[in-house]
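Biologist: I'm new to this one, and I'd love a close look at a single part of it. Could you pick a stretch and walk me through how its residues sit?

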Amino acid sequence: SLQTSRTGQQVQDGRRTSSSCAVHWPLLLGGNLEELRERGMSSEVEEELRLAEDISAVCARVVGVEASRIEPLQLVKYTPGQFYRAHLDT
């Protein structure tokens, strides 16, 4: 994963070697669900987004915060030899 060094540079820290994609990716590209529908978003993608929103809402209720305080869900891919180690995000 990328971390910020003491000099302010972005560096690979070696704690995570996977690749990931935000589940809310269409919304990250700009627009709300209505605008995305108008641009031809498929019903499958809309269903995925609604499910991700529902999961985020459950997580928010469990920890007692607003859903907007929950980080976007991500799909994470590990290939043979890749790993994850406990770390603090910066």
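Modeller: A residue is called buried under 20% relative accessible area, exposed over 50%, and partly exposed in between (1.4 Å probe, protein chains only). On that scale Val58 is partly exposed, because its relative accessible area is 41%. This is a predicted model, so local features need pLDDT of at least 70 and side-chain atom pairs pLDDT 80 or more, while totals for chains, interfaces and linings use all residues. Residues are numbered from 1 along each chain as its sequence is written, and side-chain values use heavy atoms, with hydrogens and water left out.

Let's place our part first. The chain has three helices and four strands, where helices (H or I, at least four residues) and strands (E, at least two) are DSSP runs numbered from the N terminus. Read along the sequence, the order is β-β-β-α-α-α-β. Of the 90 residues in the chain, 18% are buried. The part I've picked is helix α3, residues 43-63, and Val58 sits in it.

How far does α3 reach from end to end? Its 21 residues should span 30 Å at 1.5 Å a residue, and the end C-alpha atoms are indeed 30 Å apart, so the two agree; the expected span is 1.5 Å times one less than the number of residues.

Now turn the helix around in your viewer. Val45, Glu46, Leu49, Ala52, Ser56 and Ala60 are the buried residues of α3. They cover an arc of only 125° around the axis, so they lie on the same side of α3; that arc is taken from the directions from the helix axis to the C-beta atoms. On the other side of α3 you'll find Ser43, Glu44, Glu47, Leu51, Arg61 and Val62, which are exposed.

Glu46 deserves a pause. This residue of α3 counts as buried because its relative accessibility is 15%. Leaving out residues up to four places away in sequence, Glu46 touches Arg37 and Met41, a contact being heavy atoms within 4.5 Å.

With Arg37, Glu46 also makes a salt bridge, the closest N and O atoms being 2.9 Å apart. Here a salt bridge is a side-chain nitrogen of Lys or Arg within 4 Å of a carboxyl oxygen of Asp or Glu. Glu46 has another such partner, Arg50, with 3.0 Å from N to O. Arg50 and Glu46 are both in α3, and because they are four residues apart, about one helical turn separates them. An α-helix has 3.6 residues a turn, so residues three or four places apart point the same way. Arg50 is partly exposed, since its relative accessibility is 36%.

Follow Arg37 away from α3 and you come to Glu34, which meets Arg37 in a salt bridge of 2.6 Å, N to O. Both of these residues belong to helix α2 (residues 33-38), three residues apart, or about one turn. Glu34 is partly exposed at a relative accessible area of 43%, and Arg37 is partly exposed too, at 32%. The structure holds three salt bridges, and Glu34, Arg37, Glu46 and Arg50 are linked in a network of them.

Next, slide along α3 to Ala60. This residue of the helix is buried, because its relative accessibility is 3%. Setting aside neighbours within four places in sequence, Ala60 contacts Val65, Glu66, Ala67 and Ile70. Ala60 and Glu71 are eleven residues apart along the chain, and their C-alpha atoms are 9.9 Å apart.

That leaves the end of the helix. Just after α3, Gly64 takes a positive phi of about 75°. Val58, Val62, Val63 and Val65 form a nonpolar patch on the surface, together offering about 350 Å² of accessible area. Patches are built from residues with over 30% relative accessible area and no salt bridge, joining like charges within 9 Å or nonpolar side chains (Val, Leu, Ile, Met, Phe, Trp, Tyr) within 5 Å.

To finish, zoom out again. The accessible surface of the chain comes to about 7,000 Å², and 54% of it belongs to carbon and sulfur atoms; such areas come from the Shrake-Rupley method with a 1.4 Å probe, and for residues only the protein chains shown count as cover. Among contacts between residues at least 6 apart in sequence, 51% join residues at least 24 apart.
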